[in-house]
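Thanks for coming. I'll take a few minutes to walk through one structure, so please have it up in front of you.

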Amino acid sequence: MNKGIYKIESNERIAKNIYKMILSGDTSSITKPGQFINISLEPFFLRRPISVCDYDDNSITIIYKVVGKGTDYMSMLKKGDTLDVLCGLGNGYNVDKSEDKPLVIGGGVGVPPLYNLAKKLIEKGKKPIVLLGFGTKDEVFYEDEFKALGCIVKVSTVDGSYGTKGIVTDILPDKSDYNYFFTCGPLVMMKALSNAIDADGQLSFEERMGCGFGACVGCSIQTKNGIKRICKEGPVLEKGEIIW
């Protein structure tokens, strides 16, 4: 983990209530896909944890949804503004545990961390199938970006306005087409996937956080392997250790 001042290079709307922000600064503490940053916003007491969508040697891409005062404030920030950021938080996904044909499944704002994950899986010679679930067509984002990586991509929308009508469990491929899974999204979605998929996998959880680095123990949950802090021992947990 490192703490620093990061400069906003861009901040743009890419779908309904969805924004993409690129920050420049030190990325050396980001070592795995699925890690997150914790952003200090001047008018608010608590930092805002946001997953890392992508990164390189000197920039971080995040995607966030405007759902309250904090993210609304973020959406109004401009190029050249700076943010106080805790970087490289959480354990991230372990791509080495993946089999050769993984499913990568995202729901809504659970999609962003899966983009860099897909990149890393492809670098390892894996062939991910990407399933993206949204509420409606207006909320769909990053379908083309995953396709540009070479991934097979399927999309579902709850209202049927784009892709397949339904949720991501409705677009699961045949069992012979995959042998592992990674997911991030709403709890109800991940529980349904865990019950529907026989293969092993890794799931990234969201919990309200105080500090973001394990000191306050405010995001702790009970697992089969004992109490774990989502911000420190998580946000990624193994399917077999989760108590639903």
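Let me start with a right-handed β-α-β unit, made by strand S8, helix H3 (residues 143-148) and strand S9. Keep in mind that this is a predicted model. In this unit, S8 (residues 129-134) and S9 (residues 152-157) run parallel, and 6 bridges join them. S9 also has a partner in strand S10 (residues 164-165): those two run parallel as well, joined by 2 bridges.

Which residues stand opposite each other here? Phe134 stands opposite Thr157 in S9, and Thr157 in turn stands opposite Lys165 in S10.

Now to the aromatic rings. How many aromatic pairs does the structure hold? There are 9. I'll describe two of them.

The first one on my list joins Phe44 and Tyr73: the rings are edge-to-face, 6.0 Å centre to centre, with 75° between the planes. Phe44 is in the loop between strand S3 (36-40) and strand S4 (48-55), while Tyr73 is in helix H1 (residues 69-75), so this pair ties together parts that are 29 residues apart in sequence. Are these two residues buried, exposed or partly exposed? Phe44 is partly exposed, at a relative accessible area of 22%. Tyr73 is also partly exposed, at 25%.

The other pair brings us back to Phe134. Phe134 and Phe141 are edge-to-face too, with 5.5 Å centre to centre and 65° between the planes. Both Phe134 and Phe141 are buried. They also belong to a cluster, in which ring pairs link Tyr115, Phe134, Phe141, Tyr142 and Phe146.

One more note on Phe44. Arg48 lies over the face of that ring, at 4.8 Å from the ring centre.

Last, a single residue: Ile30. Where is Ile30 placed? In the loop between strand S2 (18-24) and S3. Ile30 is buried, with a relative accessible area of 6%; the cut-off for buried is under 20%. What does Ile30 touch, leaving out residues up to four places away in sequence? The list is Gln35, Val52, Tyr55, Ile60, Cys87 and Gly88. As for Ala196, Ile30 is 166 residues away from it in sequence and 32 Å away in space, C-alpha to C-alpha.

That's what I have. Questions are welcome.

Technical notes
Residues numbered from 1 in each chain as written. Predicted model: local features only at pLDDT ≥ 70, side-chain atom pairs only at ≥ 80, totals over all residues. Heavy atoms only, no water. Phe/Tyr/Trp six-rings, centres within 6.5 Å; stacked < 30°, edge-to-face > 60°. Helix = DSSP H or I, 4+ residues; strand = E, 2+ residues; numbered from the N terminus. Buried < 20%, exposed > 50% of the residue type's maximum accessible area, 1.4 Å probe, protein only. Lys NZ or Arg CZ within 6 Å of the ring centre and 35° of its normal. Pairing = 2+ DSSP bridges. Right-handed = clockwise from strand over helix to strand, strands pointing away. Contact = heavy atoms within 4.5 Å.
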